[in-house]
Amino acid sequence: MTLTVTDLAITRGGIPVLEGLSFTLPPGKALILRGPNGIGKTTLLRTLAGLQPPLTGRIDGAEDQIAYASHSDGLKPTLTVTENLSFWAAVFGTKDIQPALDAFALNELSDRHAGNLSAGQKRRLGLARMLVTGRPIWMLDEPTVSLDKNAVQMFADAVRAHLGQGGSALIATHIDLGLDGEVLDVGPNKAKPKPIDDFDGGFL
Amino acid sequence: MIALLLRDLKLAFRAGGGFGLGLAFFLIVTVLVPFSVGPQSSLLSTIAPGVLWLGALLACLLSLDRLLALDWEDGSLDLLATAPLPLEAVVTIKALAHWLTTGLPLVLAAPFLGVLLNLPAPGFAWLVISLLIGTPAMSVIGTFGAALTVGLKRGGLLLSLLVLPLYVPTLIFGAEVARRGATGMETQTPLLMLAGITAATVALLPFASAAVLRINLR
């Protein structure tokens, strides 16, 4: 499943943030999304995940192939680690959560309430959710926030395994994950302010 | 879908889930009314159907602002919107879970609280029937209001103001069924109106809720 984006322009709060963005994400590849704060990386991921419509441009590649991980992990503090993961597995129609628990070393924590986990442990659980979705295209928004070195390695290994199985990933991050993915710097695609035309100028 | 329903029910019964909030409010209202209006049993039995219906409605309203807000805050609403479930199904299940944890307990508690207000004997069955038919509409309308205000800080106030007028037809016909039932009059007309309102809201409002939710998540 190849994701192809052609001449995409996106808005945040009605203001254009990125424009003229084109790239392809073939199976087995990772794309590292870079750019300064506020450039619209999160907005881009949300648009690709189908949470908001693009201003212009085309996104080819089925929306229902995308698994999206936002800044927040979508965990319920009063449910245990296993219950949280099993819920998402059931929503996505998969059954087996054991590989996800193994990949992020959550076995020891499986009976703990998510509310009692540390920030890094919660993040690991949030990332483990990606494995139970069973979807080929991963969209990750700052996945390594509050992870320690070990856990970053775990995450990089999980992404590598995912790519090895023919999946793909678009990762917005500021750190080097040691993945051999291409870097997509969206800095040059910053939307230019619309020039003031005669009509608007008349008000000034 | 079953998984979402089970999760919501589980969450409601766990610590801090808010199950019992509506029930406690309903109890407080019906216990306090006799103190405030005085102990004349004839007056109490006249107003009992209306007070019980109003109490149930306000108890229902009380729990609405958590209906979608919690899922929005922890990000699971975004994730549900990108999941294979259609949003229409998500809001329907959410409304169903709300009814099972708030509406149904109110229906079951109403006859016991009716005793406190000296509800006439023939009124008990009609009170339960009217609440049983009317409360699903309150959950579905409430979910629509919650979808409209999700993401707003302190949206609960706006939610109440938006939802209250939509509750009025259900309240009028529901309380009318209970009142007529209690005084031995025929109840068919308001009962049919009440059932019609519930059927229409359950059939149509989930689509509206899903549509406004999509816009709100942008």
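For these notes, helices and strands are DSSP runs numbered from the N terminus, with at least four residues for a helix and at least two for a strand. I am working from a predicted model.

**Entry 1: a threonine in a loop**

I started with T144(A), which I found in the loop between β6 and α5 of chain A. Is T144(A) buried or exposed? I counted 20 C-beta neighbours inside 10 Å, so T144(A) goes down as buried. The cut-off for buried is 20 or more. Next I listed what T144(A) touches, leaving out residues up to four places away in sequence: V152(A), F155(A), T173(A) and I175(A). I also checked T144(A) against D96(A), which is 48 residues away along the chain, and their C-alpha atoms turned out to be 24 Å apart.

**Entry 2: helix α5 of chain A**

F155(A) led me on to α5(A), where it is one of the buried residues, together with A158(A), V159(A) and H162(A). Why do I say that these residues line one face of the helix? Looking down the axis of α5(A), I see them fall within an arc of 95°, so one face it is. On the face turned away from that buried side I noted the exposed residues K149(A), N150(A) and G164(A).

I then asked what covers the buried residues of α5(A). The cover includes strands β3 (30–34), β6 (137–141) and β7 (168–172), along with helices α3 (98–103) and α4 (119–133), from chain A.

For the length, α5(A) runs over residues 149–164, and its 16 residues reach 22 Å from first C-alpha to last, close to the 22 Å expected at 1.5 Å a residue. Just past the helix, I spotted G166(A) with a positive phi of about 90°.

**Entry 3: two helices of chain B**

Over in chain B, I looked at how α1 (residues 2–13) packs with α6 (residues 87–116): the angle is about 35° and the axes are 9 Å apart. The crossing of α1(B) past α6(B) is right-handed. From α1(B), the residues taking part are L4(B), L5(B), D8(B), L9(B) and A12(B). Their partners in α6(B) include V90(B), I93(B), L96(B) and L100(B). By type, I get 9 nonpolar, 1 polar and 2 charged residues in this contact.

**Entry 4: where the chains meet**

Last, I turned to the contact between the chains, which takes 20 residues from chain A and 21 from chain B. On the chain B side, α1 and α5 (76–81) each supply at least two residues. Which element gives the largest share of that side? My old friend α1(B) does, with 5 residues. Sorted by type, the chain B side has 10 nonpolar, 5 polar and 6 charged residues.

Definitions and conventions
Residues numbered from 1 in each chain as written. Chains lettered and ligands numbered in written order. Predicted model: local features only at pLDDT ≥ 70, side-chain atom pairs only at ≥ 80, totals over all residues. Axes fitted to C-alpha atoms, helices over the stretch in contact; angles between N-to-C directions. Left-handed = near helix turned anticlockwise from the far one by under 90°. Contact = placed C-beta atoms within 7 Å. Nonpolar A, V, L, I, M, F, W, Y, C, P; charged D, E, K, R; others polar. Expected span 1.5 Å × (residues − 1). Buried ≥ 20, exposed ≤ 12 C-beta atoms within 10 Å, placed from the backbone. Arc of directions from axis to C-beta.
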